[in-house]
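Biologist: Could you take me through one part of this model closely, namely the packing of two neighbouring helices in one chain, and then set that part in its wider surroundings?

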There are 2 protein chains.
Amino acid sequence: MKKIFDVLLTHNEFKAEAFIKELEGKKPLFVCTIATTETAKIQGISAAGKHPEFTDYTPPADAELLLLGRCKCINGVPVTPDGIPTPALITMSALRLADIPVLVASGGLKVKPQIPFLELGGSPGEDIRTGRAVENVEEVIQRATLAGEHLAKTADYLVIGESIPGGTTTALGVLSAMGVNAKGKVSSSMPENPHELKNETVKAGLAASGLSFGSLAENPVKAISCLGDPMMPAFAGLVIGAAAQVPVLMAGGTQMTAVLAVVNALNPDVLCNVAIGTTRWVVSDSSSDICGIVAHIADVPVLAADIDFAQSRFSGLQAYEKGIVKEGVGAGGAAIAAMAKVGGAVTKDILLKEIERSYALLVGTK
Amino acid sequence: MKKIFDVLLTHNEFKAEAFIKELEGKKPLFVCTIATTETAKIQGISAAGKHPEFTDYTPPADAELLLLGRCKCINGVPVTPDGIPTPALITMSALRLADIPVLVASGGLKVKPQIPFLELGGSPGEDIRTGRAVENVEEVIQRATLAGEHLAKTADYLVIGESIPGGTTTALGVLSAMGVNAKGKVSSSMPENPHELKNETVKAGLAASGLSFGSLAENPVKAISCLGDPMMPAFAGLVIGAAAQVPVLMAGGTQMTAVLAVVNALNPDVLCNVAIGTTRWVVSDSSSDICGIVAHIADVPVLAADIDFAQSRFSGLQAYEKGIVKEGVGAGGAAIAAMAKVGGAVTKDILLKEIERSYALLVGTK
């Protein structure tokens with residue numbers, strides 16, 4: 001697979017190459033979109049928190065880590081039940097190495113971060129099995145679009161990431177309602193991807209809202225309202241507002257495909273300015289298929305940061321090579337942006353050294 | 001008085017000239033800091049609302065106007081009791097002419113705007129006669145500083161404005177607590193400046209908090225907590241965070257002197273990167289003395305947009321020439337930034353035409 005910097009041109013190689021070359025030496029703004037959903041508390045759905053109830057704290061803690069270099073709403077940093085630390089460590093390290101500014105945007109949160117954040121008028125999400133997952137979707141999309149329009153004037157391009165536990169299940173929900181078959185293709189923060197549990201959860205949500213596969217192909221707002229999460233309207237609006245003016249790197253794993261489907265249904269014209277940026281762990285994951293889902297939605301490129309923790313001196317980072325965590329908090333996109341901004345000054349090796357430094361400081365010595 | 005573009009070098013001419021020349025052709029970000037205080041509801045204190053109770057709606061409505069070109073939380077636009085419209089019309093027109101991006105930051109609000117805004121963790125302010133005017137001052141300063149640090153990386157310089165009815169009275173409060181004699185020198189949105197009422201209000205606040213003139217010269221956080229308003233910690237933090245990296249134009253009238261005193265006490269080093277930008281109506285006001293107050297605090301320049309509504313075809317704009325409103329929502333600073341960004345493409349005459357267009361659309365035909 002072709003590489004530019006330490007970035008893999010994973011899907012739609014020609015466009016991917018043009019996209020990454022356009023970013024070279026340019027100044028990005030990183031926006032981290034955070035939200036919570038009760039869906040994350042279904043036992044076995046998400047590893048983005050030590051216990052299911054802790055998932056309410058993961059997004060605000062991730063956001064605090066990006067801005068402060070430490071968390072305030074929790075001790076330490078967010079971890080999986082096995083103690084593997086948040087990918088925000090990668091994001092933070094990449095952004096710091098390349099001196100990239102960060103803005104946090106809330107789509108709807110149970111717990112507010114103790115840092116400045118952009119309020120977009122959303123509320124925390126409900127369990128999608130109720131069929132009433134997100135309130136106020138249209139209004140949040142409008143506000144986020146307005147924010148995206150203004151933020152696009154402050155940077156050469158935007159990198160937009162997310163932190164929302166349970167997000168691949170809600171992604172499957174929205175994709176299903178919109179008629180994109182992603183069964184068995186969404187990723188997971190766990191090494192054993194609980195596809196059956198996700199399918200059952202989405203099936204229950206479709207039934208509760210009186211929907212069937214594809215019945216909302218033309219209605220992304222309702223698809224989010226019934227089966228999505230509050231990160232989505234915030235993220236989609238930011239993309240729509242910004243990509244009309246500047247390139248936008250959608251930084252995340254398979255969750256990005258649901259946002260892509262929403263943007264494609266609302267404003268397909270902006271997609272000529274959009275790419276998905278993720279990690280090698282996502283694109284090489286045999287239990288999911290990000291490129292396969294993207295190919296069913298729109299002709300956008302996928303890039304992947306070639307990050308490698310195999311040689312790390314910390315077992316908590318080596319675990320990423322076993323398929324734990326994989327992506328989140330825009331880790332892959334932030335790494336890509338850092339590499340593109342300063343070229344050879346940030347390679348995968350330099351990035352690993354910085355991540356290890358952060359790890360030693362914030363997590364421990366193992 | 002020397003002029004560059006249509007900007008008057010009002011105070012500290014040498015530095016003022018260097019400052020405006022540094023901004024020429026550069027790309028600013030405009031940040032509008034909004035907050036409310038119960039102090040504005042003292043009868044006769046503020047004209048920034050049709051009735052005192054309406055002052056809760058003025059800041060969010062001003063912010064909506066800047067971002068949307070219309071208000072959502074009220075019908076029409078904010079007006080004085082005599083129906084004279086908000087200076088946000090000037091700000092909006094200037095920013096649009098020069099395509100300057102806007103971010104709204106909340107210091108603490110009774111009524112939230114229906115647009116994206118930066119949440120800084122503050123609460124609405126109390127009447128300063130209680131001596132307990134603002135909560136959580138230190139935390140808001142810290143969060144705003146962090147926001148300022150990141151925003152400084154997204155623009156060549158920052159223009160920071162404010163909308164808070166009652167703000168000149170709280171400014172007098174903080175200045176008095178900090179030992180800057182501003183009695184009879186703060187400005188007013190009314191043609192008859194109610195100095196006595198402001199002095200009495202501040203005197204009551206000093207008494208209620210067991211303070212005397214100058215007793216908090218070294219403690220700006222407590223000065224705001226006792227006698228200030230929630231715009232101040234947000235504004236001061238933004239200045240401190242941003243001016244360490246880029247020039248900052250503090251856009252406002254005599255309220256800016258209180259923020260200046262706070263910044264000067266907390267971090268005087270950044271003031272080499274700071275100027276105050278206001279309107280001709282403020283600097284030529286015989287019932288106040290912005291330059292006199294500034295001279296007692298720090299050696300920063302004052303610039304004034306030479307806006308002139310004498311020849312306007314609308315009586316609601318001509319009223320500005322009689323000393324009504326004068327400044328607010330960063331009107332003067334936004335006009336200065338627009339002129340500096342695009343040079344001769346925005347003159348006082350072109351700006352007036354655009355303001356009249358907005359006026360006709362939003363206010364009426366008189």
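Modeller: What follows looks at one helix pair, then at the nonpolar core and the relation between the chains. Please keep in mind throughout that this is a predicted model. In chain B, helix H2 (residues 58-68) packs with helix H3 (residues 88-97) at an angle of about 20 degrees, their axes lying 9 Å apart. Because angles under 35 degrees count as roughly parallel, H2(B) is roughly parallel to H3(B), and the crossing of the two helices is right-handed. On the side of H2(B), the contact is formed by Asp62(B), Leu65(B), Leu66(B), Leu67(B) and Leu68(B), while H3(B) contributes Ala88(B), Leu89(B), Thr91(B), Met92(B) and Arg96(B).

Turning to the nonpolar core, the largest one holds 144 residues, of which Met250(A) and Met250(B) touch the most other members. When neighbours within four places in sequence are left aside, the contacts of Met250(B) include Ile160(B), Phe235(B), Val239(B), Met256(B) and Val259(B), and they also include Leu260(B), Val274(B), Ala275(B), Ile276(B) and Gly277(B).

As for the two chains, a turn of 180 degrees with a shift of 0.0 Å along the axis lays chain B on chain A with an RMSD of 0.0 Å, which is the relation of a two-fold axis. The C-alpha of chain B nearest that axis belongs to Leu118(B), at 2.1 Å from it. The same surface serves both copies, since 100% of the contact residues of chain B recur in chain A.

Definitions and conventions: Residues are numbered from 1 along each chain as its sequence is written. Chains are lettered from A and ligands numbered from 1 in the order in which they are written. This is a predicted model: local features need pLDDT of at least 70, side-chain atom pairs count only at pLDDT 80 or more; totals for chains, interfaces and linings use all residues. Side-chain values use heavy atoms; hydrogens and water are left out. Copies are superposed by least squares on the C-alpha atoms of residues with pLDDT of at least 70 in both. Contact means heavy atoms within 4.5 Å. A nonpolar core is a set of buried Ala, Val, Leu, Ile, Met, Phe, Trp, Tyr and Cys residues joined through side-chain atoms within 4.5 Å. Buried means under 20% relative accessible area, exposed over 50%, partly exposed in between (1.4 Å probe, protein chains only). Axes are lines fitted to C-alpha atoms, for helices over the stretch in contact, and angles run from 0 to 180 degrees between N-to-C directions. Helices (H or I, at least four residues) and strands (E, at least two) are DSSP runs, numbered from the N terminus. Angles under 35 degrees count as roughly parallel, over 145 as roughly antiparallel, 65 to 115 as roughly perpendicular and the rest as oblique. A crossing is left-handed if the near helix is turned anticlockwise from the far one by less than a right angle, and right-handed if clockwise.
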